[in-house]
Amino acid sequence: MAEHKTKCLIIGSGPAGYTAAIYTSRANLSPILYEGMQPGGQLTTTTEVENFPGYPDGVTGPQLMEDLKKQAERFGADLRYGAVTAVDFSKRPFSATIDNGDTVTADSVIIATGASARYLGLPDEEKYNGIGVSACATCDGFFYRGKTVAVVGGGDTACEEALYLSTLAKKVFLIVRKAALRASKVMQQRVLQKENITVLFNCNTVGLFGDEFLEGAKLVENKGTEMEQVFDIAIDGFFLAIGHTPNTEVFKPYIKLDDAGFIVTENGTTQTSVEGIFAAGDVADPRYRQAISAAGSGCRAAIDAERFLLENS
Ligand code: NDP
C-alpha cells in the first residue's frame, strides 16, 4: 500500500478527465489520473461519433478516447488503472483511497467520474442480466446477430442503440413510454425509416420471462386508460437506454449534489461546494452530456484548478 502526492488528482477518464489531464500536465501540475472501472468512460461503448469537432469523417468512441489518452500521456500525465473507493475532502490536502489500498493526497481534485446507465428497476432485469439484459448495445449486440431484440427509451441513445442493433439483429422493437420520441429529429427519422425497427409507443415493460435465457417481455400499452392492454413480445435481448445516473456516491458526504445526484458547480465555473475540488463532464452536467461539452469542461476544470493552486500555494 503506497502513498502518493500530487498537486492535482483527476478522478475519471472520459473526455473530461483526459482533457483535464492534458491541460494540467501542460501547466506543470504533474497530475495523477485514476481511470476508474471503465477506462475511457462511456464513449468506449459507443460506435461512431460523428459530432466531435476535428473528425470530419467521424471516429469510433474507443479511438477517440485512445487519442485523448495518448495526448495526455504526451505531456507526462500519470494515468493509472484503479478506482477511488473513498475520499476525505474535509481538510487540505485532500485524500483519496484507491481500490488497491494505495492513498493519494492532493492539493486539488478534479472529479470527472461521469454517469452510469439506468435500469427500470424490475427484479427480472437482474435475473437475466448478462443472459439477455444489457445496457450496452455496442458491447453485447454481437451476441444477438439474426435474433430479435428490444431497446427501451425514446432519447438519442435509444435510437442510436436501436439503429446499431438493426444492423445485427433480425428485428428490433423500440419500447417508448410516451407517444413521441424525445431524440433529435435526424435520429427519429433514421429509426422510423428503418424497416426492421418497430417502435412501440405508449408502452411500459412490466416483466421479462424465459426459462434458461430471456425469451420475451410483458408490456402494458396505454397504461391507466380505457385502451390499456397487456401483451407479450418474443425477444432474445433487452437493452436499456433510459438515461444515466451520475457517479457521485463516494463524494456525497462532502460535495453538494442536486436532487438527481449531479454535482452542483458554482457561478458558471467548475468549482464545487468545496474550495479546491472541481467537477467536469457528465458528473456535473444533467443538461448537455456530450463528449465535446465534457471535454470543454475538463479544460475549464484544469484552468480553475491551476488558478486555485496559484492563489493558495
Ligand atoms: P435522455 O434523458 O435524453 O432520454 C432518456 C429516455 O429514456 C427518454 O425517452 C425517457 O422517456 C426514457 N425513460 C426514462 N426513464 C424511463 C423509464 N423508467 N421507463 C421507460 N422509459 C424511460 O437520455 P439519452 O441517454 O438518450 O441521452 C442523453 C443525452 O445525450 C441527450 O442530451 C442526448 O441528446 C445525448 N446523446 C446524443 C447523441 C448524439 O448526438 N449522437 C447520442 C446519444 C445521446 P421520456 O421521453 O418519456 O422522458
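Asn267 lies in the loop between β18 (244-246) and β19 (277-279), where helices (H or I, at least four residues) and strands (E, at least two) are DSSP runs numbered from the N terminus. The model is a predicted one, in which local features need pLDDT of at least 70 and side-chain atom pairs count only at pLDDT 80 or more, while totals for chains, interfaces and linings use all residues. Residues are numbered from 1 along each chain as its sequence is written, and side-chain values use heavy atoms, with hydrogens and water left out.

**Exercise 1. Backbone and exposure in loops**

Find the sign of phi at Asn267, and decide whether Asn267 counts as buried or exposed.

Solution. Begin with the backbone: Asn267 is not a glycine, yet its phi is positive, at about 50°. Then turn to the accessible area, for which buried means under 20% relative accessible area, exposed over 50%, and partly exposed in between (1.4 Å probe, protein chains only). Asn267 counts as exposed because its relative accessibility is 76%.

Now treat Ser30, which lies in the loop between α1 (15-26) and β2 (32-34), in the same steps. Ser30, again not a glycine, has a positive phi of about 45°, and with a relative accessible area of 52% it is exposed.

**Exercise 2. A cis peptide bond**

Which peptide bond is cis, with omega near -5°?

Solution. The bond to pick out is the one from Arg92 to Pro93. To place it along the chain, note that Pro93 lies in the loop between β6 (84-88) and β7 (94-98).

**Exercise 3. Cysteines and disulfides**

How many disulfides does a search of the whole structure find?

Solution. The criterion is a pair of cysteine sulfur atoms within 2.5 Å, and a search of the whole structure finds zero such pairs. Take Cys8, which is in no disulfide, the nearest cysteine sulfur being that of Cys299, 13 Å away; Cys8 is buried, with a relative accessible area of 0%. Cys203 is likewise in no disulfide, and the nearest cysteine sulfur, that of Cys159, is 15 Å away. Cys203 counts as buried because its relative accessibility is 3%.

**Exercise 4. Locating an exposed glutamate**

Where does Glu50 lie, and is Glu50 buried or exposed?

Solution. First locate the residue: Glu50 lies in the loop between β3 (48-49) and β4 (59-60). Then read its accessible area, which at a relative value of 57% makes Glu50 exposed.
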